[in-house]
Structures are given as structure tokens and as C-alpha cells.
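Visitor: Before we look together, I would like to ask how the terms used for this model are justified.

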Amino acid sequence: MAILLKQARQILTMNDGLGLIQDGSVLIENDIIKKVGRLNEQGFRGRVIDCTGCVVTPGLIDAHTHLVFAGTREDEFAMRLEGIKYETIAKKGGGILRTVAMTRSASEDELYKLAAERIKMIIRHGTTTIEIKSGYGLSLSEELKILRVINKLKDNTPLDVIPTYLVHTIPRFMKRRDYVDMQCEEILPEVARLKLAEFCDIFCDKTAFTKSESEKILKKAKELGFALKIHTDELANVGGAKLAAKLGCVSAEHLIYTTKSGINAMKKAGVIPVLLPGTSLYLQTERKPLIKDFMESGLPIAIASDFNPGTCMIYSMPKIISLASLVYRMPVELALMAATINAARAIRKEDRVGKIKHNYQADFVIWNVDDYRKIPYQFGEDLIKVVIKKGKIIYETNS
Ligand code: NIG
Ligand code: FE
């Protein structure tokens with residue numbers, strides 16, 4: 001089936017920067033982009049989507065989510081507003097461990113239903129590719145349950161789903177050393193054997209795993225064939241950016257407290273920074289990532305939602321793009337690249353998604369605005385008109 005996206009006011013191709021084309025069209029054949037630019041549309045047979053007065057971008061990519069969980073933690077949200085810190089709540093058995101308890105109580109089917117409903121909503125907000133981490137199970141059987149749900153979402157929803165096994169925190173009643181051994185000897189080999197995840201990620205931070213524990217686990221994961229990610233420097237500077245560089249992680253995520261030397265190390269090793277402005281908003285962290293230094297390094301900065309019940313209940317990538325500008329002062333152009341092509345790099349899919357280019361996958365968002373700067377600017381509005389995934393319309397507004 002052929003589709004013509006006709007006469008868009010602006011097309012952001014993401015080729016060499018924004019790659020802006022004014023008043024152009026896009027020709028889609030089946031699931032692939034065939035032509036982009038000022039096209040001769042005469043004799044075209046297929047569906048025409050009128051894009052007059054609209055902006056067209058690649059489908060949005062959310063490179064960091066914790067989408068599979070049960071229960072909510074609005075009480076902790078309220079406590080934090082009273083001044084109680086995320087770390088304090090976690091130390092008292094709240095935080096991740098509470099979601100672990102609620103997620104363990106849910107059946108695999110219940111978890112799948114919850115997540116599939118969330119994906120339906122996410123599609124309306126323009127996400128066409130999503131990374132999903134496990135991490136609210138902690139034991140072998142519970143992590144496998146979550147990973148099976150993620151893989152089922154991959155097979156049964158229109159989105160490209162990238163599964164990540166996340167080593168999230170130390171379970172109650174378990175010694176740290178024993179849990180690290182259990183990861184290396186039991187859980188990681190089984191997740192690898194069952195091929196349930198492409199990436200392995202670890203929470204290397206103040207309340208979670210130390211640098212040396214993280215190194216041990218990630219090294220084992222690498223041996224087993226996982227590509228690596230790391231959650232780090234979210235709550236304190238623990239030197240996780242340097243560890244990411246040393247181990248050759250594809251990406252390092254959060255990076256609120258990362259210093260210039262950490263950024264330099266990431267630059268040398270080509271580790272993609274994934275910044276999460278929604279989490280900064282929820283945690284009300286005064287310190288912000290060193291955006292200017294990241295920009296000067298020339299590393300492609302990605303942004304993502306970090307959607308999870310503790311530190312960010314936002315799954316809408318347009319909102320995250322706005323927050324990148326408003327909370328992190330990211331230039332609009334960079335925020336848009338960060339949610340498309342740079343996010344594709346963070347999940348190693350940059351040769352297939354994140355750009356509007358010949359032979360790339362036909363994933364698009366058509367926006368009801370005539371200038372791309374209105375995307376973050378009109379924060380409070382839903383601006384999306386059409387979402388296309390692999391050449392199929394997966395969401396369309398009635399108007
Ligand atoms: O990315 N930092 C670790 N994990 C999540 C929070 C998880 C939770 O609080 O449930 C994050 O912020
Ligand atoms: Fe996270």
C-alpha cells in the first residue's frame with residue numbers, strides 16, 4: 001500500500017541536524033520511505049494524507065521506560081512535596097521495593113493488560129519505538145515474568161519494542177554479595193539463554209549498586225552477549241559515567257550529577273547520554289545535567305521519559321520534549337533530535353528509525369502546527385494529528 005504525505009509545511013528529516021524541508025512531501029511504499037522532498041505527485045495511486053500547514057517528524061522514540069509494573073505510589077509523591085527525600089523513602093522500604101511487591105502480586109496476564117493499555121495511550125502521543133526495562137521482579141522467576149510480558153508486547157503491539165533486563169536494586173532480606181553472585185551465576189545466564197533482552201542495564205547509584213558491583217555484573221552481561229546500559233549519577237555523582245566509558249556501554253542514563261571529566265570519558269568512548277527531564281521535574285532536583293558541556297562534547301544527546309511509578313509518571317514524549325526545553329534549557333532543535341535520531345542511537349537502531357530518509361522505516365508523526373518550535377512551546381496541548389508506524393496509520397484524530 002502506498003501513502004503520500006502531501007505538502008507538509010515543514011518536514012524534519014533529521015539528516016545532518018534537523019534536515020528541514022519546507023513545503024515537501026513523503027512517499028511511503030509498504031513499510032518503507034521511498035522518496036522525500038518536492039515530489040511530482042501526478043498519477044499517484046494510494047492514500048493521500050493532506051499535510052498542508054503541518055509539521056512532519058520521524059516517529060518519536062522513547063529510549064528509557066519502566067513500563068511494566070503494577071500499582072502506583074502517589075503517597076510517596078505527596079511525601080516528597082513535604083520535603084522527604086526519594087532516598088529516605090527508599091531506605092525505609094518504600095520506593096522501588098514497594099513497586100516490586102505490587103508487581104510480584106500481579107499475574108503475568110494482569111501485567112500484560114496494564115502495559116498494553118499504557119501502550120495504547122503512548123501511541124496517541126507519537127511514540128513509535130520504545131525501550132522497556134524489567135526490574136520490578138528482582139528474583140529469577142519474577143524478572144522472567146516481566147521480560148515475557150515485554151516480549152509479548154513486542155509481538156502484539158504495532159510498536160518496535162526493545163527489551164532491557166534491568167538489575168534494579170537489592171531485594172529485602174538478601175545480602176548484597178549474595179545477590180550480585182545470583183545475578184552473575186543464575187539470572188543473567190538464564191535471561192541470555194532465553195534471549196529475552198537485548199540490553200542489560202544496572203542502577204549504579206547512591207541507594208542501589210556500587211561501582212564495583214555494577215562493574216562485575218555488567219562485565220558478566222557483556223560476556224553473555226548483552227549490549228550494555230547504565231542508570232547512573234541520578235542521586236549523586238558516583239562516577240558511573242566513567243564506568244560506562246570503561247565498559248563500552250551503549251548509553252548512560254540520568255547523568256544529573258555527572259561532571260565534566262565524566263562527560264569527557266563518555267565522549268572518548270562514544271557513550272550516548274540519555275537525559276530524563278521528567279524525572280528531574282518529579283524529583284525537584286536543583287542540580288541539572290551539564291547540558292552545555294554535553295553539547296560542547298559533540299555527543300548526540302538523547303532524551304526519554306523514564307516512565308515509572310516512582311520518579312516520572314509521564315509517558316508522553318511531546319511533554320518530555322517540552323520539559324527538555326523548559327527544565328534543561330535544551331534548544332528546541334536539539335530536543336527534537338534527542339527524541340528521534342539521537343534516541344535511535346541510544347538503542348542502536350539508527351540505521352532503521354529516527355530519520356526521514358530513503359529506505360528508512362516509515363514511522364511518522366504529523367503535527368497540527370506549522371512551525372516545529374510550537375511543539376515544545378504549546379506544552380499544554382495535544383498537537384498530534386496522525387501517527388504512522390511501518391507505513392500503517394496507528395492513530396488519527398477525528399478533526
Ligand atoms: O529511573 N533510578 C532507578 N529507577 C527508576 C525509578 C524507579 C522507581 O522509583 O520505581 C528511575 O528513576
Ligand atoms: Fe529509569
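Visitor: Which residues come nearest to ligand 1, and what makes a residue count as near?
Guide: A residue is near a molecule if one of its heavy atoms lies within 4 Å of it. Of the 15 residues around ligand 1, Arg73, Tyr86, Tyr136, Glu234 and Thr311 come nearest. This is a predicted model, in which local features need pLDDT of at least 70 and side-chain atom pairs count only at pLDDT 80 or more, while totals for chains, interfaces and linings use all residues. Residues are numbered from 1 along each chain, ligands are numbered from 1 in the order in which they are written, and side-chain values use heavy atoms, leaving out hydrogens and water.

Visitor: Why is the approach of Thr311 to ligand 1 called a polar contact?
Guide: A polar contact is a pair of N or O atoms within 3.5 Å. A polar side-chain atom of Thr311 lies 2.7 Å from an oxygen atom of ligand 1, so the pair meets that limit; Arg73, at 2.8 Å, and His254, at 2.9 Å, each reach a ligand oxygen atom likewise.

Visitor: What makes His64 a donor of the iron ion (ligand 2)?
Guide: Donors are N, O and S atoms within 2.8 Å of the metal (3.2 Å for Na, K and Ca). His64 (NE2), His66 (NE2), His231 (NE2) and Asp306 (OD) lie 2.1 to 2.2 Å from the iron ion, and therefore qualify.

Visitor: Why is His64 called buried?
Guide: Its relative accessible area is 0%, and buried means under 20%, exposed over 50%, partly exposed in between (1.4 Å probe, protein chains only); His66, with 2%, is therefore buried too.

Technical notes:
A polar contact is a pair of N or O atoms within 3.5 Å; within protein, one must be able to donate a hydrogen and the other to accept it, and residues adjacent in sequence count only if both atoms are side-chain atoms.
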